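Please read through the following structure step by step. The account moves from one side-chain contact to the strands, the loops, the pocket and a few distances.

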Amino acid sequence: MTLLNESEMALWHAWKRAQDAVWTRVTAEIADRTGLSDQDFAVLTRVHEIGHGVLRQSALAALLEWHRSRLSHHLTRMADRGLITRRPVDGGVEVVLTEVGRDAVVRARPVHAEAVRRYLLEAIPASERVVFERILAGLMLSAADH
(Lines give C-alpha, C1' and ligand atoms only; values in the text may rest on other atoms or scores of the structure.)
Protein backbone atom coordinates (compact mmCIF):
# COMPACT_ATOMS: atom_id res chain seq x y z
CA MET A 1 0.00 0.00 0.00
CA THR A 2 1.37 3.40 -0.92
CA LEU A 3 1.41 6.46 1.28
CA LEU A 4 -0.61 9.54 0.49
CA ASN A 5 1.07 11.79 -2.03
CA GLU A 6 1.57 15.48 -1.32
CA SER A 7 -1.71 16.69 -2.84
CA GLU A 8 -3.70 13.88 -1.16
CA MET A 9 -2.13 14.72 2.20
CA ALA A 10 -2.88 18.42 1.67
CA LEU A 11 -6.55 17.64 0.95
CA TRP A 12 -6.77 15.37 4.01
CA HIS A 13 -5.33 18.09 6.26
CA ALA A 14 -7.59 20.75 4.72
CA TRP A 15 -10.63 18.54 5.42
CA LYS A 16 -9.58 18.00 9.05
CA ARG A 17 -8.83 21.70 9.64
CA ALA A 18 -12.12 22.82 8.09
CA GLN A 19 -14.20 20.28 10.01
CA ASP A 20 -12.41 21.08 13.27
CA ALA A 21 -12.74 24.84 12.76
CA VAL A 22 -16.49 24.70 12.09
CA TRP A 23 -17.16 22.21 14.90
CA THR A 24 -15.07 24.19 17.38
CA ARG A 25 -16.82 27.48 16.60
CA VAL A 26 -20.33 25.99 16.71
CA THR A 27 -19.78 24.14 19.98
CA ALA A 28 -17.98 27.10 21.57
CA GLU A 29 -20.84 29.43 20.69
CA ILE A 30 -23.37 27.04 22.24
CA ALA A 31 -21.24 26.72 25.39
CA ASP A 32 -20.61 30.47 25.65
CA ARG A 33 -24.24 31.45 25.20
CA THR A 34 -26.01 28.60 27.02
CA GLY A 35 -23.50 26.92 29.32
CA LEU A 36 -24.13 23.57 27.62
CA SER A 37 -21.21 21.44 26.51
CA ASP A 38 -21.23 19.74 23.14
CA GLN A 39 -22.07 16.48 24.91
CA ASP A 40 -24.91 18.09 26.91
CA PHE A 41 -26.38 19.52 23.71
CA ALA A 42 -26.10 16.16 21.93
CA VAL A 43 -27.95 14.36 24.73
CA LEU A 44 -30.61 17.03 25.22
CA THR A 45 -31.45 17.43 21.54
CA ARG A 46 -31.88 13.71 20.99
CA VAL A 47 -34.02 13.17 24.08
CA HIS A 48 -36.08 16.25 23.23
CA GLU A 49 -36.49 15.75 19.48
CA ILE A 50 -36.42 11.99 19.02
CA GLY A 51 -37.87 10.93 22.36
CA HIS A 52 -40.16 13.92 22.89
CA GLY A 53 -38.66 14.30 26.36
CA VAL A 54 -38.18 10.62 27.26
CA LEU A 55 -35.77 8.15 25.68
CA ARG A 56 -34.39 4.79 26.71
CA GLN A 57 -30.77 5.07 27.75
CA SER A 58 -29.78 2.19 25.43
CA ALA A 59 -31.40 3.94 22.45
CA LEU A 60 -29.64 7.17 23.37
CA ALA A 61 -26.28 5.38 23.53
CA ALA A 62 -26.89 3.92 20.08
CA LEU A 63 -27.92 7.28 18.61
CA LEU A 64 -24.85 9.00 20.02
CA GLU A 65 -22.58 6.04 19.23
CA TRP A 66 -21.21 6.28 22.78
CA HIS A 67 -20.14 3.41 24.98
CA ARG A 68 -22.71 2.75 27.72
CA SER A 69 -20.32 3.66 30.54
CA ARG A 70 -19.41 7.00 28.92
CA LEU A 71 -23.10 7.86 28.57
CA SER A 72 -23.89 6.74 32.10
CA HIS A 73 -21.17 8.96 33.57
CA HIS A 74 -22.26 11.93 31.51
CA LEU A 75 -25.92 11.44 32.43
CA THR A 76 -24.94 11.40 36.11
CA ARG A 77 -23.28 14.80 35.67
CA MET A 78 -26.32 16.11 33.81
CA ALA A 79 -28.66 14.81 36.51
CA ASP A 80 -26.52 16.53 39.17
CA ARG A 81 -27.09 19.79 37.28
CA GLY A 82 -30.84 19.18 37.07
CA LEU A 83 -31.00 18.76 33.28
CA ILE A 84 -32.31 15.18 33.23
CA THR A 85 -33.53 12.43 35.52
CA ARG A 86 -33.35 8.69 34.99
CA ARG A 87 -35.98 6.15 35.89
CA PRO A 88 -35.93 2.39 35.77
CA VAL A 89 -38.29 0.68 33.33
CA ASP A 90 -38.72 -2.94 32.31
CA GLY A 91 -35.37 -4.08 30.99
CA GLY A 92 -33.61 -0.74 31.20
CA VAL A 93 -33.56 2.91 32.10
CA GLU A 94 -35.32 5.92 30.62
CA VAL A 95 -33.71 9.35 30.38
CA VAL A 96 -36.24 12.10 31.10
CA LEU A 97 -35.76 15.80 30.46
CA THR A 98 -36.49 18.00 33.42
CA GLU A 99 -38.06 21.42 32.98
CA VAL A 100 -34.54 22.87 33.32
CA GLY A 101 -33.27 20.53 30.59
CA ARG A 102 -36.20 21.29 28.31
CA ASP A 103 -35.69 25.04 28.76
CA ALA A 104 -31.95 24.66 28.11
CA VAL A 105 -32.41 22.79 24.83
CA VAL A 106 -35.13 25.17 23.66
CA ARG A 107 -32.77 28.11 24.31
CA ALA A 108 -29.81 26.33 22.69
CA ARG A 109 -31.44 25.27 19.41
CA PRO A 110 -31.56 28.80 17.91
CA VAL A 111 -27.95 29.40 19.03
CA HIS A 112 -26.94 26.19 17.26
CA ALA A 113 -28.84 27.15 14.10
CA GLU A 114 -27.31 30.62 14.04
CA ALA A 115 -23.80 29.23 14.51
CA VAL A 116 -24.22 26.54 11.84
CA ARG A 117 -25.43 29.18 9.41
CA ARG A 118 -22.59 31.55 10.25
CA TYR A 119 -19.69 29.10 10.27
CA LEU A 120 -20.79 26.54 7.67
CA LEU A 121 -23.70 27.47 5.45
CA GLU A 122 -22.73 31.08 4.76
CA ALA A 123 -19.24 29.91 3.79
CA ILE A 124 -20.68 27.74 0.99
CA PRO A 125 -21.99 29.67 -1.99
CA ALA A 126 -25.62 28.77 -2.68
CA SER A 127 -24.65 27.65 -6.18
CA GLU A 128 -22.25 25.06 -4.70
CA ARG A 129 -24.43 23.62 -1.92
CA VAL A 130 -25.87 20.81 -4.05
CA VAL A 131 -22.36 19.74 -5.03
CA PHE A 132 -21.22 19.93 -1.40
CA GLU A 133 -24.20 17.79 -0.31
CA ARG A 134 -23.37 15.21 -3.00
CA ILE A 135 -19.76 15.07 -1.88
CA LEU A 136 -20.77 14.59 1.76
CA ALA A 137 -23.29 11.90 0.82
CA GLY A 138 -20.58 10.14 -1.19
CA LEU A 139 -18.17 10.31 1.74
CA MET A 140 -20.77 8.78 4.08
CA LEU A 141 -21.58 5.98 1.62
CA SER A 142 -17.91 5.25 0.99
CA ALA A 143 -17.15 5.08 4.72
CA ALA A 144 -20.20 2.88 5.35
CA ASP A 145 -19.19 0.46 2.59
CA HIS A 146 -15.76 -0.19 4.09
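A charge is said to sit over a ring if NZ of Lys or CZ of Arg is within 6 Å of the ring centre and within 35 degrees of the ring normal. The model shown here is a predicted one, and it offers an example of such a contact: R70 lies over the face of W66, at 4.0 Å from the ring centre. Contacts between two aromatic rings are another matter. In general, a pair of aromatic rings is described by the distance of the centres and the angle of the planes. Here there is nothing to describe in that way, since the count of aromatic pairs comes to zero under a rule that asks for ring centres within 6.5 Å.

Next come the strands. Strand 1 covers residues 54–56, strand 2 covers residues 84–89, and strand 3 covers residues 92–97. Strand 3 pairs with strand 1 in the antiparallel sense over three bridges. In this pairing, R56 stands opposite E94 in strand 3. Strand 3 also pairs with strand 2, again in the antiparallel sense, over six bridges. Two positions can be used to follow this second pairing: T85 has V96 of strand 3 as its bridge partner, and V89 has G92 of strand 3. Strand 2 and strand 3 form a hairpin, with two residues between them. In the turn, G91 has a positive phi of about 75 degrees. As a general point, the side chains in a regular strand alternate between the two faces of the sheet.

The backbone angle phi deserves a closer look. Most residues other than glycine have a negative phi. Which residue in the loop between helix 2 and strand 1 has a positive phi although it is not a glycine? The residue is H52, with a phi of about 55 degrees. H52 counts as exposed because its relative accessibility is 67%, and the cut-off for exposed is over 50%. E65 also has a positive phi, of about 60 degrees, although it is not a glycine. Its place is the loop between helix 3 and helix 4, the latter being residues 68–80. E65 has a relative accessible area of 72%, so it is exposed.

Now turn to the largest pocket, which holds about 970 Å³ of space. Its lining is made up of 31 residues, and W15, Q19, V22, W23 and L120 lie nearest its centre. Which helices each supply at least two residues of this lining? They are helix 1 (6–34), helix 2 (38–49), helix 3 (57–64), helix 5 (99–119) and helix 6 (129–145). Helix 1 gives the most, with eleven residues. Sorted by class, the lining of the largest pocket has 23 nonpolar, four polar and four charged residues.

Finally, some pairs of residues show how separation along the chain and separation in space can be set side by side. V106 lies in helix 5. V106 and H48 are 58 residues apart in sequence, and their C-alpha atoms are 9.0 Å apart in space. V106 is partly exposed because its relative accessible area is 47%, and partly exposed covers values between 20% and 50%. T2 is found in the segment before helix 1. T2 and A61 are 59 residues apart in sequence, with 37 Å from C-alpha to C-alpha. T2 has a relative accessibility of 74%, so it counts as exposed. T34 belongs to helix 1. Is T34 buried or exposed? T34 is buried because its relative accessible area is 16%, and buried means under 20%. T34 and V130 are 96 residues apart along the chain, and their C-alpha atoms are separated by 32 Å.

Definitions and conventions: Residues numbered from 1 in each chain as written. Predicted model: local features only at pLDDT ≥ 70, side-chain atom pairs only at ≥ 80, totals over all residues. Heavy atoms only, no water. 1 Å grid on protein atoms, 1.4 Å probe; cavity = no way out; pocket = protein on both sides within 12 Å on 5 of 7 lines; lining within 4 Å. Points joined across faces, edges and corners; volume = space filled by probe spheres on them. Helix = DSSP H or I, 4+ residues; strand = E, 2+ residues; numbered from the N terminus. Nonpolar A, V, L, I, M, F, W, Y, C, P; charged D, E, K, R; others polar. Phe/Tyr/Trp six-rings, centres within 6.5 Å; stacked < 30°, edge-to-face > 60°. Buried < 20%, exposed > 50% of the residue type's maximum accessible area, 1.4 Å probe, protein only. Pairing = 2+ DSSP bridges.
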